[in-house]
Amino acid sequence: MDGNFFFVLGIVLVVAAVALAFLGIRAGDRFPGSRVVLVGVTAIFAAVVVATMAFAVVKSQDEQKERNEKLAKEQEQAQPENGGGAQPAQPTGGAATESLDVTSPADGGLSYEPNGLTAKPGNVTITYDNPSQVPHSIAVATANGNVLGEVQPFTNGKQSVDLSNLAPGKYVFYCTVPGHREAGMEGNLTVTGGPTP
């Protein structure tokens, strides 16, 4: 839908309101001329307001769809740069990599499953599966907030975060989309046991 239509409806509504106010002031007690005119004018105003609201809702849905499609395209273009989300069998250090999987609800809900992960010290790859059309991401940080790795928000796909030489301790993973972490989209990663790399 063309955004100009929204402005046309708004202008029609303003002009009609000014015209009615002018007529009401000029005519005084004789305005409106009859009850039929009053009902008709009220119905026209209601129709214009409802049409404007309906258009605003449809326009916002179209814009959200376009934004999601744009994010999906950007994510597809970014995937070849980081290996398409594939998990490497061996990192550059030659040490084995522990692979962990995390997902979120297909309806776009703001949670991870599982929201608690355990790994041994060393190299860890976390693969995040977002099956929804709602953009989500995953970032891993230390307890004091230092980000160790993250992926950009994406929809309907998988991305991986490669973490090198994790020492025993507590870490947090969370969604970087504004408001999602605050709404509860985060979890804990505990690295325990084994030698410190």
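Two strands are taken to pair if DSSP finds at least two bridges between them, and in this predicted model that criterion yields an open sheet of 3 strands in the order β1-β3-β6, with mixed pairing. Strands β1 (97–103) and β6 (157–166) stand at the edges of this sheet, each with a single partner strand, so one side of each is left without a neighbour in the sheet. From one strand to the next, the twist averages 20 degrees. Within the sheet, β1 and strand β3 (residues 122–130) pair in the parallel sense, and 7 bridges connect them; in this pairing V102 stands opposite Y128 in β3.

The sheet belongs to a protein chain whose secondary structure comes to 2 helices and 8 strands. Read along the sequence, these elements follow the pattern α-α-β-β-β-β-β-β-β-β. Of the 197 residues in the protein chain, 28% are buried, and the accessible surface comes to about 11900 Å², of which 59% belongs to carbon and sulfur atoms. Among the contacts in the protein chain with a separation of 6 or more, 67% are accounted for by residues 24 or more positions apart.

A further open sheet is formed by 5 strands, which are arranged in the order β2-β8-β7-β4-β5 with mixed pairing. Its edge strands are β2 (116–119) and β5 (147–150), each of which pairs on one side only. Neighbouring strands of this sheet are turned by 20 degrees against each other on average, when direction is ignored. In general, the strands of a sheet pair through backbone hydrogen bonds, and the pairing may be either parallel or antiparallel. Strand β7 (residues 169–174) and strand β8 (residues 186–191) run antiparallel and are joined by 6 bridges. Along this pairing, K170 stands opposite T190 in β8, while the bridge partner of G169 in β8 is V191. Strand β7 is also joined to strand β4 (residues 139–142), with which it runs antiparallel, and here the number of bridges is 4; in this pairing A139 stands opposite Y174 in β7.

The interior of the model can be described through its nonpolar residues. The largest nonpolar core has 22 residues, and those with the most contacts inside it are Y112, I126, I138, V140, F173 and L189. Strands β1, β2, β3, β6, β7 and β8 each supply at least two residues of this core.

Aromatic side chains were examined next, and the structure holds 3 aromatic pairs. In one of them, Y112 and Y128 form an edge-to-face pair, with 5.5 Å from centre to centre and 80 degrees between the planes. Because Y112 lies in the loop between β1 and β2 whereas Y128 lies in strand β3, this pair ties together parts that are 16 residues apart in sequence. Residues with a relative accessible area under 20% are counted as buried, so Y112, at 3%, is buried, and Y128, at 0%, is likewise buried. Y128 also forms an edge-to-face pair with F154, in which the centres lie 5.6 Å apart and the planes are at 70 degrees to each other. Since Y128 lies in strand β3 and F154 in the loop between β5 and β6, this pair ties together parts that are 26 residues apart in sequence. F154 counts as buried, with a relative accessibility of 1%. Y112, Y128, F154 and F173 form one aromatic cluster, and Y112 and F173 are also among the residues with the most contacts inside the largest nonpolar core.

Several features of the backbone remain to be described. A cis peptide bond, with omega at about -5 degrees, joins E113 and P114, and P114 is found in the loop between β1 and β2. N156 has a positive phi of about 45 degrees although it is not a glycine, and this residue is placed in the loop between β5 and β6. N165, which is not a glycine either, has a positive phi of about 50 degrees, but its place is in strand β6. With a relative accessible area of 52%, N165 is exposed.

Terms used
Residues numbered from 1 in each chain as written. Heavy atoms only, no water. Axes fitted to C-alpha atoms, helices over the stretch in contact; angles between N-to-C directions. Buried < 20%, exposed > 50% of the residue type's maximum accessible area, 1.4 Å probe, protein only. Contact = heavy atoms within 4.5 Å. Areas by Shrake-Rupley, 256 points an atom, 1.4 Å probe, with all protein chains shown as cover. Core = buried A, V, L, I, M, F, W, Y, C linked by side-chain atoms within 4.5 Å. Phe/Tyr/Trp six-rings, centres within 6.5 Å; stacked < 30°, edge-to-face > 60°.
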